[in-house]
Amino acid sequence: MATSTGKSTQASKAETLVDTIYRDTRKRLNAGDWHPGDRLLDYELAERFGCTRMPVRQALLRLVNEGLLNSTTRGFQVPVLTDAMVRDIFELRRILEPAAAALAVNIADRDQLHAGLSKAIDLAKVAMVHKDAALMFSANASFRQAWLQCVHNERLLDAIAMSADHANQVRFANTSDTDNYQVTVEALEKLGKALTSGDPEYARNEMVGFLKLAEASYFLRRQQIDSAPAFGS
């Protein structure tokens with residue numbers, strides 16, 4: 001009996017460690033600690049957590065199953081989104097997020113929502129002045145959190161969350177384009193006005209427009225990068 005209990009306790013500790021590594025690595029992926037094409041080395045993560053490579057690999061395989069990492073013969077790698085994948089992400093977001101925006105308007109405490117959105121927009125303006133990509137990404141994340149927390153449909157939120165991690169790669173690309181920050185701030189202000197208007201259809205339509213602008217900005221940025229002359233040419 002004691003042996004069985006001991007094994008159960010060890011298994012529980014191992015499972016907790018896997019969960020910790022999984023959550024930490026997922027958080028770091030979302031924060032941009034690794035970029036598309038980067039490799040995650042299991043022995044480095046094992047050193048970080050002071051454990052063997054086994055729980056690290058179990059945690060990383062969970063991220064592979066969620067599509068957030070690729071498993072290769074050389075280990076684990078952050079996937080590089082193809083144009084088709086990006087279009088799929090935006091198509092899914094256009095299905096889910098306008099409906100969520102309309103619900104947020106119906107339910108939201110307008111003063112509280114306005115305060116949260118205004119704080120995020122002010123942060124975006126600071127990022128624009130200083131051309132700070134990390135701060136602009138944080139401002140976008142704060143804006144998104146402010147209105148999503150007003151949506152009380154848990155299944156809809158779960159569906160949005162499933163695509164959110166993949167969409168972060170697109171957000172990183174867009175927020176790295178410092179020349180486009182004025183457009184970003186204006187788009188956030190326009191969407192914020194709709195979300196605090198009390199008009200669900202207005203919010204729905206503005207969210208559609210916001211997502212179309214984000215998609216166009218992403219592909220314009222990609223085109224500029226692809227057409228730029230190689231260094232030394």
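Helix α5 (residues 110–130) and helix α6 (residues 133–148) pack together here at an angle of about 170°, with 8 Å between their axes. Keep in mind that this is a predicted model. Besides that helix pair, there's a three-stranded open sheet to look at, and a search of the whole structure turns up 14 salt bridges.

**The α5–α6 pair**

- Which way do α5 and α6 run relative to each other? Angles over 145 degrees count as roughly antiparallel, and the angle here is about 170°, so α5 and α6 are roughly antiparallel.
- On the α5 side, the residues that meet α6 include L113, L117, I121, L123 and M128. Among their counterparts in α6 are L135, M136, F143 and W147.
- G116 in α5 also takes part in this contact, as do S138 and S142 in α6.
- What classes of residue make up the contact of α5 with α6? By class, there are 15 nonpolar residues, three polar ones and no charged ones.

**The loop between α5 and α6**

- K131 sits in the loop between these two helices.
- Most residues other than glycine have a negative phi. K131 isn't a glycine, yet its phi is positive, at about 50°.

**The sheet and the helix on it**

- Three strands line up in the order β1-β3-β2, with antiparallel pairing, and the sheet is open.
- Which strands stand at the edges? They're β1 (39–40) and β2 (70–72), and each has a single partner strand, so one side of each has no neighbour in the sheet.
- β2 and β3 (residues 75–77) run antiparallel and are joined by three bridges. In this pairing, T72 stands opposite G75 in β3.
- Helix α3 packs on the sheet and touches β1, β2 and β3. The direction of α3 makes about 40° with that of β3.

**Salt bridges between helices**

- Side chains of opposite charge can pair when their charged atoms come close.
- R57 and D42 are one such pair, with their side chains meeting in a salt bridge at 3.2 Å, N to O. R57 is in helix α3 (residues 53–65) and D42 is in helix α2 (residues 42–49), so this bridge links parts of the chain 15 residues apart.- Are R57 and D42 buried or exposed? R57 counts as partly exposed, at 37% relative accessibility, whereas D42 is buried, with a relative accessible area of 7%.
- R94 forms a salt bridge with E215, and their closest N and O atoms are 2.6 Å apart. R94 lies in helix α4 (residues 83–107) and E215 in helix α9 (residues 200–227), so the pair ties together parts that are 121 residues apart in sequence.
- In that pair, R94 is partly exposed at 27% relative accessibility, while E215 counts as buried at 14%.

**A salt bridge to a loop, and a network**

- R221 and D177 also form a salt bridge, with the closest N and O atoms 3.8 Å apart. R221 belongs to helix α9, and D177 to the loop between α7 (154–175) and α8 (181–195), 44 residues apart.
- R221 is partly exposed, at 24% relative accessibility. D177, at 11%, counts as buried.
- Which residues are joined into one network by salt bridges that share partners? They're D42, R53 and R57.

How values were computed:
Residues numbered from 1 in each chain as written. Predicted model: local features only at pLDDT ≥ 70, side-chain atom pairs only at ≥ 80, totals over all residues. Heavy atoms only, no water. Salt bridge = Lys/Arg side-chain N within 4 Å of Asp/Glu carboxyl O. Buried < 20%, exposed > 50% of the residue type's maximum accessible area, 1.4 Å probe, protein only. Helix = DSSP H or I, 4+ residues; strand = E, 2+ residues; numbered from the N terminus. Axes fitted to C-alpha atoms, helices over the stretch in contact; angles between N-to-C directions. Parallel < 35°, antiparallel > 145°, perpendicular 65-115°, else oblique. Contact = heavy atoms within 4.5 Å. Nonpolar A, V, L, I, M, F, W, Y, C, P; charged D, E, K, R; others polar. Pairing = 2+ DSSP bridges.
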